[in-house]
Amino acid sequence: MLDRKSPSGVTPSFVHPLDKGIGALDAPCVPEDVAARGWNLYDEDLSLPTAVLSQSRLEHNLAWMQRFASEYGARLAPHGKTTMAPRLFARQLEAGAWGITLATAQQTRVAYAHGVRRVLLANQLVGRRNMAMVAELLADPSFEFFCLVDGVDQVRQLAAFFGAFGQSVQVLLELGTQGGRTGVRDDAQAQAVLDALAQTQGVVRLAGVEVYEGVLKDEAVIRAFLQRAVRTLQALAQSGRLQRTPAVLSGAGSAWYDVVAEEFAKAEIGMLLEVVLRPGCYLTHDVGAYRAAQARIRTSNPIAQRMQSNLLPALQVWAYVQSVPEPELAIVALGKRDAAFDAGFPTPAAQFRPGGVSPSAVPEHWAITGMMDQHAYLKIAAGDDLRVGDMLAFDISHPCLTFDKWRQLPVIDDAGQVVDIVQTYF
């Protein structure tokens, strides 16, 4: 019933005559009305494969990360590129998020169209049309926007474009590392950018400092990088360079947010300061790289230990067993078109046989060994109780690249009942 290919963003509505007695063709169902349909995953009311979100786990993860950030006196600007789902943006903001982080001008426009009024573009804003899209949004005085700068040419281009429209744009000085991604590498580059900013006569306004520590892997190196950011912000405050109060100090992907929170909580710059953390994958978590990162945090971070709970994987892809052609092989109707595979194959998590009572855990030896466009090779053992038509749930590694494969994701309660539909806008 849920068609991920729909260009309209409206939940399609094909319902088989046997399903709930609704009729073969029904009017389009908007997310607000979906609960009234009575759809249930375990009753096979949904066409598989489908990606689903757990309502209870989403709520748990929202509260967990908001509390963690608050313990450090930090704000959250979750990275929206993970989901590109405005209904999830709204949940994050309602839970207390300071704003939403995005990566492109197009993403920014989508967020604005759905009510987001503070965006941190964790990227450089380059290109005439991209700048024009932001300028259109800045015409609304309720909209606050930040982008990153790390080069003289970029500062001059921003100044020329926004100055021509009589607008100003807020920026964060991005610090980078040798061999890393964007960001100034040394003090000389930073000074050149600061000199260029001074020449814009307030058109390009320096609001603070930003880093992305995720390009680094060693904790000691990451801490030194974060300490450099704090020193840089202190120097900017002392020299009167900052043009926003409170100033902004921002970092944190989804792997090292604890270390960023610890180091930035120590910052004293002689003026009001907002520390803004930007993890994105915490909302759904995963069973791959981010589970490993979270295990480190649970072991080493005192606040995470005191909270006595953990982030939970809230995104799964369900699919049917399509064939069991060999005693130790099952083919599942799940492929590269359905789930991320760049950071590890999906992990079998639950089995449900239609007509049964509830899902059950799967044997530990079950594992996907390969994926094609629409098929997965599932290694099993001879004699395992697995049949064609069984429904399997798979946990995901790297949620970003699973979200962008789906246009609608059902949100289900713990009984499998569909309570909402989340639409994505990639």
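**Salt bridges across the chain**

In this predicted model, D385 and R353 bring their side chains together in a salt bridge, with N and O 3.0 Å apart. The two partners come from distant parts of the chain, 32 residues apart. D385 sits in the loop between β14 (376-379) and β15 (391-395), while R353 belongs to the loop between β12 (347-352) and β13 (367-371). As for its surroundings, R353 has a relative accessibility of 24%, so it counts as partly exposed.

Some salt bridges don't stand alone. R75, R118, E144, R244 and E274 are joined into one network by salt bridges that share partners.

The pair just described is part of a bigger set, as the structure holds 19 salt bridges. Side chains of opposite charge can pair when their charged atoms come close. Another example is the salt bridge between E263 and R223, where the closest N and O atoms are 2.8 Å apart. Here E263 is in helix α8 (residues 257-264) and R223 is in helix α7 (residues 219-238), so this pair ties together parts that lie 40 residues apart in sequence.

E263 also turns up in a salt bridge with K266, at 3.5 Å from N to O. What about the setting of these two side chains, buried or exposed? E263 has just 5% relative accessibility and therefore counts as buried, the cut-off for that being under 20%. K266, at 56% relative accessibility, counts as exposed, since that label applies over 50%. So the salt bridge between E263 and K266 pairs a buried residue with an exposed one.

How values were computed. Residues numbered from 1 in each chain as written. Predicted model: local features only at pLDDT ≥ 70, side-chain atom pairs only at ≥ 80, totals over all residues. Heavy atoms only, no water. Salt bridge = Lys/Arg side-chain N within 4 Å of Asp/Glu carboxyl O. Helix = DSSP H or I, 4+ residues; strand = E, 2+ residues; numbered from the N terminus. Buried < 20%, exposed > 50% of the residue type's maximum accessible area, 1.4 Å probe, protein only.
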